[in-house]
Amino acid sequence: MAEGDTILRAARRIEEALGGEPLAASTPNPRGRAAGVQRLDGATLQRAEAHGKHLLLHFGGLVLHSHLAMSGSWHVYRRDTAWRKPTGAAWAVFKGESSEAVQFGGPTLRLLRPDALRRDPTLARLGPDILAADFNPTAVTRSLRTDPSRTLGDALLDQTVVAGIGNIFKSEACFAAKVDPWQPIARLSDEELDRVVQAAHDLMQAAVEHGRHANAIYRRAARPCPTCGTPILSKGQGDANRTTYWCPKCQSASG
């Protein structure tokens with residue numbers, strides 16, 4: 001699933017390529033037509049915004065909201081160059097003078113008016129954005145403490161608690177902070193939670209700037225920990241059974 005770093009990077013690329021231009025909008029795939037994307041033909045992109053895993057393209061009186069989940073993606077190309085996916089798979093295409101942005105797949109693509117955007121229950125319930133310009137680890141730590149019995153790794157994936165962290169950076173942030181993701185929130189100090197939150201922010205911000213993140217432990221089960229050499233463990237966590245990776249020595253609660 002696309003995490004907050006991917007969405008913020010897409011927002012920046014789209015705004016840099018197409019911001020301030022009147023755009024030609026088309027919908028090769030029926031899903032885009034069902035969302036009403038054709039109503040944006042000729043509209044000017046004012047800004048592109050990321051909130052956690054949600055991308056918002058502002059066109060004056062209308063906002064295009066997308067959520068990519070596991071299957072979706074946004075691509076930016078020089079105009080009239082070959083795409084990496086078939087034309088028929090494109091839900092939305094926005095063409096400017098020299099560039100174009102193309103959206104493929106994902107569960108959510110819809111048009112909202114700005115007043116409806118402010119009242120939207122899905123977006124209103126999002127927690128603090130891990131990559132917000134005014135990021136404050138203390139605010140995220142307070143949000144994590146709303147359910148003290150929940151384990152840390154599970155809580156980090158709840159977008160109503162903190163927006164933007166996915167399965168990769170859940171594991172990577174806990175490892176970088178040397179905190180056990182299986183500990184209940186109640187057993188962790190504010191300093192430990194702050195370390196995890198700051199690590200998630202720093203790792204994801206670096207991924208925004210550099211385009212990728214070299215995983216220390218994610219999908220490295222049974223391979224040696226890069227710090228101590230102990231084999232990395234993995235196990236499903238939480239109601240969604242998302243796989244968590246951790247070093248049982250470096251992240252031991254007693255260590």
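**Notebook: helix α8 and its partners, then serine 234**

I began with the meeting of two helices, and I noted that Gly4, Asp5, Leu8, Arg9 and Arg12 in α1 are in contact with Met204, Gln205, Ala207, Val208 and Glu209 in α8. I keep in mind throughout that this is a predicted model.

Sorting the residues of this contact between α1 and α8 by character, I found four nonpolar, two polar and four charged. I then looked up the geometry of the pair, and the axes of α1 and α8 come within 9 Å and cross at roughly 35°, in a crossing that is right-handed.

Next I turned to α8 itself, which runs over residues 190–210. I checked its length against expectation: at 1.5 Å a residue, the 21 residues of α8 should span 30 Å, and the C-alpha atoms at its ends are 30 Å apart, so the two agree. Just after α8 I came to glycine 211, whose phi is positive, near 90°.

Which residues of α8 are buried? I listed Leu193, Val196, Val197, Ala199, Ala200, His201, Met204, Gln205, Ala207 and Val208. I followed these buried residues outward and saw that they pack against α1 (4–18), α5 (137–144), α6 (152–156) and α7.

I then took up α7 (residues 167–177), which packs with α8 at an angle of about 120°, the axes being 8 Å apart. Because angles of 65 to 115 degrees count as roughly perpendicular and those over 145 as roughly antiparallel, this angle makes α7 oblique to α8. The crossing of α7 and α8 is right-handed.

On the α7 side I recorded Phe169, Glu172, Ala173, Cys174, Ala176 and Ala177 as making the contact, and on the α8 side Arg195, Val196, Ala199, Ala200, Leu203, Met204 and Ala207. Divided by character, the residues of the contact of α7 with α8 come to 11 nonpolar, no polar and two charged.

My last entry concerns serine 234, which I located in strand β9 (residues 233–237). Is serine 234 buried or exposed? Its relative accessible area is 36%, and since the middle range lies between under 20% for buried and over 50% for exposed, I put serine 234 down as partly exposed.

Leaving aside neighbours within four places in sequence, I found serine 234 in contact with Ala221, Thr243, Thr244, Tyr245 and Trp246. I also looked up its separation from isoleucine 168: the two residues are 66 residues apart along the chain, and their C-alpha atoms are separated by 12 Å.

Methods
Residues numbered from 1 in each chain as written. Predicted model: local features only at pLDDT ≥ 70, side-chain atom pairs only at ≥ 80, totals over all residues. Heavy atoms only, no water. Axes fitted to C-alpha atoms, helices over the stretch in contact; angles between N-to-C directions. Helix = DSSP H or I, 4+ residues; strand = E, 2+ residues; numbered from the N terminus. Parallel < 35°, antiparallel > 145°, perpendicular 65-115°, else oblique. Left-handed = near helix turned anticlockwise from the far one by under 90°. Contact = heavy atoms within 4.5 Å. Nonpolar A, V, L, I, M, F, W, Y, C, P; charged D, E, K, R; others polar. Expected span 1.5 Å × (residues − 1). Buried < 20%, exposed > 50% of the residue type's maximum accessible area, 1.4 Å probe, protein only.
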